Amino acid sequence: MKKWILIVVVCCVILVSCREKTYGPREIVGETDVCKICNMSIVHHEYAGQIALKNGDYEIFDDLGCLMEYIHANGEDEIGAAFIKDTIKNEWIDVFKATFVYNMEYWTPMNYGVLAFETKDSAIEWMATKGDGQVLVYKDLLDFNWGIHQ
């Protein structure tokens, strides 16, 4: 009987250790969090981004452009997940699955002018009321000219 209990316990441990680790966003603490790239305080939470590293640490950014600058400099190997605030809902969304809209007239904390949306439809709907822009996906951001545009 003890042998079977031991086998069940070992199987449970193996199953738990083999599952894929999940990462979630953490809340921004305005008093202490600063952007990893520009060292600015995170004043406008609705434009903030964050990267959950595989080692459990988080890197915080005040603008999508700063988050992308971090990825350019460090690569994606150590990234567990990356999040950015949805422009309409102000909720965390996956950077790798989001749709983005660039317009140099859109205000962002570092004037990169790129906003994030959960879906392409919501991005198009946004542009119908706020002004046209260039629709982008994550792959486009890797080659995007991230200079400050205003």
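These notes cover a sheet, a helix packed on it, a surface patch and two asparagines in a predicted model.

1. The sheet is open and has four strands, which run in the order E2-E1-E3-E4 with antiparallel pairing. Strand E2 (58-61) and strand E4 (92-94) form its edges, each pairing on one side only. From one strand to the next, the twist averages 25°.

2. At one of these edges, E4 is joined to strand E3 (residues 79-85) by three bridges in the antiparallel sense. Lysine 85 has tryptophan 92 of E4 opposite.

3. Helix H2 (residues 64-74) packs on the sheet, where it touches strand E1 (49-53), E2 and E3. The direction of H2 makes about 30° with that of E1.

4. Met1, Ile5 and Val9 make a nonpolar surface patch of about 340 Å². Valine 9 lies in helix H1 (residues 2-18). Its relative accessibility is 43%, so valine 9 counts as partly exposed, the class between 20% and 50%.

5. The loop between E3 and E4 holds asparagine 90. Phi of this residue is near 55°, a positive value in a residue other than glycine. Asparagine 90 is classed as partly exposed because its relative accessibility is 38%.

6. A positive phi is also found at asparagine 111, near 60°, again in a residue other than glycine. Asparagine 111 sits in the loop between strand E5 (99-102) and strand E6 (114-117). With a relative accessible area of 22%, asparagine 111 is partly exposed; buried would require a value under 20%.

How values were computed:
Residues are numbered from 1 along each chain as its sequence is written. This is a predicted model: local features need pLDDT of at least 70, side-chain atom pairs count only at pLDDT 80 or more; totals for chains, interfaces and linings use all residues. Side-chain values use heavy atoms; hydrogens and water are left out. Patches are made of residues with over 30% relative accessible area and no salt bridge: like charges are joined within 9 Å, nonpolar side chains (Val, Leu, Ile, Met, Phe, Trp, Tyr) within 5 Å. Accessible areas come from the Shrake-Rupley method with a 1.4 Å probe; for residues, only the protein chains shown count as cover. A salt bridge is a side-chain nitrogen of Lys or Arg within 4 Å of a carboxyl oxygen of Asp or Glu. Helices (H or I, at least four residues) and strands (E, at least two) are DSSP runs, numbered from the N terminus. Buried means under 20% relative accessible area, exposed over 50%, partly exposed in between (1.4 Å probe, protein chains only). Two strands pair if DSSP finds at least two bridges between them. Axes are lines fitted to C-alpha atoms, for helices over the stretch in contact, and angles run from 0 to 180 degrees between N-to-C directions. Contact means heavy atoms within 4.5 Å.
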